[in-house]
Amino acid sequence: MKYVGIALLVILAVLLLLLAVAAIRAVLIKAKPNKSAPAINPTEKEAAEYAEKLSEMIKVPTISLRGNTDLSQFYKLHEVMKKNFPFVFSKLECTEIEGNLIFRWQGKDSKRNGILLMGHQDVVTADEPNWEKDPFSGEISDGNIHGRGAMDCKSTVFSEFQAVEELLEEGFVPPCDVYLATSVDEEISGDGAPKLVNYLKSKGVHLDVAMDEGGAILKNALPTMAGWCAAIGILEKGYIDVKIIAKGKGGHSSTPKSNTPLARLSKFVAAIEKDKPFKSEISAPVYAMLDQAAPLLGFPLRMVLGNMWLFKGLLTKVLPVVSPMCNAFVKTTFCCTIAEGSHTANVIPSEAYVVCNLRPSPHQNAEQSLAVLKKYADKYDLELEVIHARSASNCVDFNGEEFTYLKKCLNECYPEAGVIPYLMTGGTDCRHYEEVADNCLRFCPIKMSNEQLAAMHAANESIGVTETAHCVKFYKHYIKNHK
Ligand SMILES: [Zn+2]
């Protein structure tokens with residue numbers, strides 16, 4: 001009995017010691033404010049001019065619809081861009097492939113790997129009834145430019161083009177070739193970006209970096225975070241659409257047998273929701289994200305995330321239940337989105353199906369995630385028909401030269417913001433560029449509020465006038481100082 005008491009005391013002492021070490025580390029890693037002056041200072045006049053130009057781009061409703069895109073709107077947008085970026089259109093080599101555009105700006109040494117800035121021209125529909133402004137008015141008011149695409153992602157395309165336009169006007173010649181690429185069908189996962197990538201491949205182009213939309217500079221992005229943080233997307237999760245089919249005898253619903261197709265499908269969906277069978281793991285990119293976010297956070301969270309050596313196991317268990325976003329960081333997600341059975345209320349369907357959308361995590365690829373689903377499908381006598389399936393993209397080397405350079409530029413241009421890598425739960429065109437680029441960074445250097453972020457693909461999308469001007473100047477700084 002005496003020894004048990006001593007053992008408990010020793011365990012308690014070790015635990016207290018570990019917690020004390022974690023607490024001291026949490027104090028030491030706290031981020032110190034960077035008080036240096038920003039390297040970029042757009043004038044109010046420039047900001048007003050940029051807002052007008054971006055507004056003109058928003059006014060053209062370049063909506064992409066599966067099988068029904070009106071390309072003439074994209075050609076109208078090209079005319080607007082031609083007028084607003086005369087140097088880009090006259091001095092760079094421009095190739096147009098069915099509305100998709102790629103520009104080559106010849107650098108001093110074309111044999112070197114190039115850099116590519118990209119974004120998409122298309123936008124989603126704007127049918128939400130609660131828009132406060134006309135979504136295609138491009139209205140400039142309250143310090144913001146309003147409308148569909150203001151954020152996603154005409155401000156990105158505008159800022160990239162405007163930066164190159166100004167550098168051309170100044171007579172700057174980049175050390176390596178610089179490309180601008182913009183597709184017409186990102187929102188419908190179209191083949192615009194692959195066409196541009198094939199073009200680059202046919203020319204034997206290899207890139208050090210391709211930078212697309214994705215992360216941005218967000219305020220109070222995480223709980224207890226106070227201030228700005230640039231979140232750079234370093235990889236994206238995979239994507240699966242799978243149809244789960246139940247077959248049966250059908251018949252009249254007045255004398256039903258049990259386990260009809262819809263009953264089996266319901267059991268399948270309910271079982272997966274209840275069991276949460278996908279593997280929870282803090283993969284290397286998520287580890288880097290949490291570890292680098294820790295110094296920016298308030299005390300209790302800083303202690304936990306900043307001491308992953310101690311809390312990783314606990315976090316693996318806790319994160320899936322903290323929030324849907326935290327769950328998506330550590331697990332393949334599963335969601336049932338379409339269901340169909342009989343078309344008549346009193347007829348038992350002989351076949352019914354649900355479509356499930358999964359986002360495979362980096363540590364459980366598409367095949368492994370589908371294998372989990374298959375076990376459940378077998379249990380309820382269901383068939384699986386895979387519609388699309390891809391695993392997570394490659395991960396950028398977040399200790400490598402390109403990530404470090406982007407971080408350096410951010411420290412120079414936005415000294416008030418912390419910088420973290422992050423795992424994107426959604427998809428971008430950028431993954432296609434993995435074939436030609438060593439680093440696919442998903443990040444637009446623009447500040448946005450949480451309300452602006454929430455308006456993506458929703459009503460009342462907008463972007464700040466001053467913030468857009470900073471974004472233009474950032475791209476200039478980035479291109480000008482790239483090795
Ligand atoms: Zn987008």
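The lining of the second largest pocket takes at least three residues from each of two domains, namely domain 1 (44–235 + 393–481) and domain 2 (239–388). The model is predicted, and this briefing covers that pocket, the zinc site and some points of backbone geometry. The zinc ion has protein donors from His-120, Asp-152 and Glu-213, and the peptide bond that leads from Asp-152 to Cys-153 is cis.

**Second largest pocket**

- The volume of the second largest pocket is about 470 Å³, and among its 23 lining residues Ala-31, Lys-32, Pro-295, Leu-296 and Gly-418 are the closest to its centre.
- Two or more lining residues come from each of strand S8 (228–236), helix H8 (284–293), helix H13 (401–413) and strand S15 (418–424).
- By residue class, the lining of the second largest pocket is made up of 12 nonpolar, 5 polar and 6 charged residues.

**Zinc site**

- The protein donors of the zinc ion are NE2 of His-120, an OD atom of Asp-152 and two OE entries from Glu-213, and they lie 1.9 to 2.6 Å from the ion.
- The arrangement of the 4 donor atoms is classed as irregular because the angles they subtend around the zinc ion run from 54 to 148°, whereas a tetrahedral assignment would require all angles to lie between 85 and 135 degrees.
- Along the sequence, the donor residues of the zinc ion follow the spacing H-x31-D-x60-E.
- Asp-152 is placed in the loop between strand S5 (144–146) and helix H5 (154–169), while Glu-213 belongs to strand S7 (residues 207–219), so this pair ties together parts that are 61 residues apart in sequence.
- Asp-152 and Glu-213 are both buried.

**Backbone geometry**

- The peptide bond from Asp-152 to Cys-153 is cis, with an omega near -10°, and Cys-153 has its place in the loop between S5 and H5, the loop that also holds the zinc donor residue Asp-152.
- Ser-189, although not a glycine, has a positive phi of about 50°, and this residue is found in the loop between strand S6 (178–183) and helix H6 (192–202).
- Ser-189 counts as exposed because its relative accessibility is 53%, the cut-off for that class being over 50%.
- Lys-276 is a residue other than glycine with a positive phi, here near 45°, and its place is in the loop between helix H7 (261–275) and H8, the latter being one of the elements that give two or more residues to the lining of the second largest pocket.
- With a relative accessible area of 48%, Lys-276 is partly exposed.

Methods. Residues are numbered from 1 along each chain as its sequence is written. This is a predicted model: local features need pLDDT of at least 70, side-chain atom pairs count only at pLDDT 80 or more; totals for chains, interfaces and linings use all residues. Side-chain values use heavy atoms; hydrogens and water are left out. On a 1 Å grid over the protein atoms alone, a cavity is a set of points where a 1.4 Å probe fits but cannot get out, and a pocket is an open set with protein on both sides within 12 Å along at least five of seven lines; lining residues have an atom within 4 Å of a point. Grid points are joined across faces, edges and corners, and a volume is the space filled by probe spheres set on the points. Helices (H or I, at least four residues) and strands (E, at least two) are DSSP runs, numbered from the N terminus. Ala, Val, Leu, Ile, Met, Phe, Trp, Tyr, Cys and Pro count as nonpolar, Asp, Glu, Lys and Arg as charged, and the others, Gly among them, as polar. Domain bounds come from an automatic or database domain assignment. Donors are N, O and S atoms within 2.8 Å of the metal (3.2 Å for Na, K and Ca); water is not among the atoms, so sites may look incomplete. Four donors count as tetrahedral if all angles lie between 85 and 135 degrees; four count as square planar and six as octahedral if opposite donors are over 155 degrees apart and all others between 65 and 115; anything else is irregular. Buried means under 20% relative accessible area, exposed over 50%, partly exposed in between (1.4 Å probe, protein chains only).
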